Amino acid sequence: MANAACMADGFDKIQKLPDPVAGCPNFRRVPGFKVYCCGQPTIAGFEAALNKVCGDTYPKDGPIIWFNLRQEADVYVNGNPICARPPNKIGEYAELGAITRDIAKANEVEFHKVCETRK
């Protein structure tokens with residue numbers, strides 16, 4: 001993790017779909033289901049997505065489950081998502097292999113520590 005490169009998850013022209021939700025790239029609904037998808041949102045993008053989904057009934061009185069299916073460790077710096085990437089995989093899809101929840105969590109904790117040392 002100490003050799004990981006920091007890559008911003010947001011970039012120019014990330015939005016490919018119509019009707020953007022600010023801070024929540026490519027937000028969309030799976031037709032026929034109350035299942036939504038998006039790129040890695042900003043902190044403000046989480047709120048914008050919840051407002052889009054729930055409207056006037058937010059906060060909901062029932063649970064909202066948010067899954068993050070990233071393989072890379074992800075931290076937020078000034079409200080923006082930054083992920084840890086192998087230096088040779090910046091700007092491209094990075095298949096990291098058989099990443100389990102425990103591996104992802106350990107990588108995220110370590111990435112956070114590394115970021116703290118780079119302040």
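User: How many bridges join strand 4 and strand 5, and in which sense do the two strands pair?

Analyst: Let's start with the general idea. Strands of a sheet pair through backbone hydrogen bonds, in either a parallel or an antiparallel way. Here, strand 4 and strand 5 (residues 80-85) are antiparallel, with four bridges between them. Please keep in mind that you are looking at a predicted model.

User: Which residues can I click on to see that pairing?

Analyst: Try Val 75, whose bridge partner in strand 5 is Ile 82. Then look at Tyr 76, which has Pro 81 of strand 5 opposite it.

User: And how many residues lie between strand 4 and strand 5?

Analyst: The two strands form a hairpin with two residues between them. Within the turn, Asn 78 has a positive phi of about 55°.

User: Where do these strands sit in the sheet, and what is the strand order?

Analyst: The sheet is open and has three strands in the order 1-5-4, paired antiparallel. Strand 1 (5-8) and strand 4 (74-77) are the edge strands: each has a single partner, so one side of each lacks a neighbour in the sheet. From one strand to the next, the twist averages 40°.

User: How do I read the other pairing, between strand 1 and strand 5?

Analyst: Read it through its bridges. Strand 1 and strand 5 pair over four bridges, in the antiparallel sense. Ala 8 is a handy marker, since it stands opposite Ile 82 in strand 5. You have met Ile 82 already, as the bridge partner of Val 75.

User: Which residues of strand 1 are on its covered face, and which on its uncovered face?

Analyst: Ala 5 and Met 7 make up the covered face, while Cys 6 and Ala 8 are on the uncovered one.

User: Which helix lies across these strands, and at what angle does it run to strand 4?

Analyst: Helix 2 (residues 101-117) lies across strand 1, strand 4 and strand 5. Its direction is at about 35° to that of strand 4.

User: Stepping back, what is the order of the elements along the chain?

Analyst: Starting at the N terminus, the order is β-β-β-α-β-β-α. That gives two helices and five strands. The C-alpha atoms fill a box of roughly 45 × 30 × 30 Å along the principal axes. Of the 119 residues in the chain, 25% are buried. If you take contacts between residues at least 6 apart in sequence, 54% of them join residues at least 24 apart.

User: Now the loops. Which non-glycine residues have a positive phi in the loop between strand 1 and strand 2?

Analyst: Asp 19 is one of them, with a phi of about 60°, and it lies in that loop. Asn 26 is in that loop too, with a positive phi of about 55°.

User: Are those two buried or exposed?

Analyst: Use the relative accessible area: under 20% is buried and over 50% is exposed. Asp 19, at 60%, therefore counts as exposed. Asn 26, at 13%, is buried.

User: What about Val 30, and what does it contact beyond its neighbours in sequence?

Analyst: Val 30 belongs to the loop between strand 2 (28-29) and strand 3 (36-37). Its relative accessible area is 29%, so it is partly exposed. Setting aside neighbours within four places in sequence, Val 30 touches Val 35 and Cys 37. For a sense of distance, Val 30 and Gly 79 are 27 Å apart, C-alpha to C-alpha, and 49 residues apart in sequence.

User: Finally, the pockets. How much space lies in the largest one, and which residues are closest to its centre?

Analyst: The largest pocket holds about 840 Å³. Its lining has 23 residues, and those closest to the centre are Val 35, Tyr 36, Cys 37, Ile 65 and Trp 66. Strand 3 and helix 1 (43-54) are the elements that contribute two or more residues, and helix 1 gives the most, with four. By class, the lining has 16 nonpolar, four polar and three charged residues.

User: And which residues are closest to the centre of the second largest pocket?

Analyst: They are Met 7, Arg 70, Glu 72, Arg 85 and Tyr 93, out of 17 lining residues. The space in this pocket is about 420 Å³. Its lining divides into eight nonpolar, four polar and five charged residues. Met 7 links back to the sheet, as part of the covered face of strand 1.

Methods:
Residues are numbered from 1 along each chain as its sequence is written. This is a predicted model: local features need pLDDT of at least 70, side-chain atom pairs count only at pLDDT 80 or more; totals for chains, interfaces and linings use all residues. Side-chain values use heavy atoms; hydrogens and water are left out. Two strands pair if DSSP finds at least two bridges between them. Axes are lines fitted to C-alpha atoms, for helices over the stretch in contact, and angles run from 0 to 180 degrees between N-to-C directions. Contact means heavy atoms within 4.5 Å. Buried means under 20% relative accessible area, exposed over 50%, partly exposed in between (1.4 Å probe, protein chains only). On a 1 Å grid over the protein atoms alone, a cavity is a set of points where a 1.4 Å probe fits but cannot get out, and a pocket is an open set with protein on both sides within 12 Å along at least five of seven lines; lining residues have an atom within 4 Å of a point. Grid points are joined across faces, edges and corners, and a volume is the space filled by probe spheres set on the points. Ala, Val, Leu, Ile, Met, Phe, Trp, Tyr, Cys and Pro count as nonpolar, Asp, Glu, Lys and Arg as charged, and the others, Gly among them, as polar.
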